[in-house]
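Dear colleague,

Please find below the structure that I am handing over to you. My findings follow directly after it.

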Amino acid sequence: MDEMEKQPAEEKTGGQDGTGAEDKAAEILAGTVEEKSAGQDGEPSMEESLRKLREELEAEKTEAVKNAVEEALKKASMKPEEVKEYEGKKREEELEKREKDLQLRELKNDTKDILHEKGIPAGFADFLIGADIEKTRENISAFKKEFDLAVQAQVEQRMKGTTPKAGSGAGSGGFSAEIEKYL
């Protein structure tokens, strides 16, 4: 007898409850489980989420293979010198893209630092980033001016009301008369 036949029946089914969790997981991954309707809270079921993820991954894989085949065919039709030139241009474009991404990341960090210095929430950084640091500083200055005015207007609106009258404390002499009694 081999190992599988020696195992008790409950081990093969995944436990005493007979759910077979491993089998179900394998079926989900293989896409053989029927989809269940959305849960009570309106969120898609686990099977639906897995199915969508599987479709997205398949689409990405198909696109990557298609691009690789096109690239190989393009290179196959070129002379060796053209292939080197093409690959050099491609590397240069990739480096330029990386450099732009790095500059943008640095600009975002600088923007967040400036916002922190000026007491503005960092969540506004993406809205205030300019083409360079100088334009970003201009954007932040203009925003701070308007932001402060808006905050001040809200504070003034909330603080509106009647001002307490002077000397309306306990007793006729107010607080100062009370202090003088003990001196």
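On the surface, a patch of negative charge is formed by E92, E93, E96 and E99. Please note that the model is a predicted one. One of the patch residues, E93, is located in helix α5, which covers residues 80–118. Is E93 buried or exposed? The relative accessibility of E93 is 52%, and because the exposed class begins over 50%, E93 counts as exposed.

The second finding concerns aromatic rings. The structure contains three aromatic pairs. In one of them, the ring centres of F124 and F143 lie 4.8 Å apart and the planes meet at 50 degrees, so this pair is classed as tilted. Planes under 30 degrees apart would count as stacked and those over 60 as edge-to-face. As for location, F124 sits in the loop between α5 and α6 (125–128), while F143 belongs to helix α7 (residues 133–159); the pair therefore ties together parts that are 19 residues apart in sequence.

The surroundings of these two residues may also be of interest. F124 has a relative accessible area of 27% and is partly exposed. F143, with a relative accessibility of 22%, likewise counts as partly exposed.

A further pair joins F124 to F147: the ring centres are 5.8 Å apart and the planes stand at 65 degrees, so the pair is edge-to-face. Which parts of the chain does this pair tie together? F124 lies in the loop between α5 and α6 and F147 in helix α7, so the parts brought together are 23 residues apart in sequence. F147 has a relative accessibility of 23% and counts as partly exposed; the buried class would require a value under 20%. Through ring pairs, F124, F143 and F147 are linked into a cluster.

Finally, I turn to the chain as a whole. How many helices and strands does the chain have? There are eight helices and zero strands. Read along the sequence, the pattern is accordingly α-α-α-α-α-α-α-α. The chain has 183 residues, of which 10% are buried.

To locate these features in the model, you may wish to begin with E93 in helix α5 and then proceed to the cluster of F124, F143 and F147.

With kind regards

Terms used: Residues are numbered from 1 along each chain as its sequence is written. This is a predicted model: local features need pLDDT of at least 70, side-chain atom pairs count only at pLDDT 80 or more; totals for chains, interfaces and linings use all residues. Side-chain values use heavy atoms; hydrogens and water are left out. Patches are made of residues with over 30% relative accessible area and no salt bridge: like charges are joined within 9 Å, nonpolar side chains (Val, Leu, Ile, Met, Phe, Trp, Tyr) within 5 Å. Accessible areas come from the Shrake-Rupley method with a 1.4 Å probe; for residues, only the protein chains shown count as cover. A salt bridge is a side-chain nitrogen of Lys or Arg within 4 Å of a carboxyl oxygen of Asp or Glu. Lys and Arg count as positive and Asp and Glu as negative; His and the chain ends are not counted. The place of a charge is taken as NZ of Lys, CZ of Arg, CG of Asp or CD of Glu. Helices (H or I, at least four residues) and strands (E, at least two) are DSSP runs, numbered from the N terminus. Buried means under 20% relative accessible area, exposed over 50%, partly exposed in between (1.4 Å probe, protein chains only). Rings of Phe, Tyr and Trp (its six-membered ring) pair if their centres lie within 6.5 Å; planes under 30 degrees apart count as stacked, over 60 as edge-to-face and the rest as tilted.
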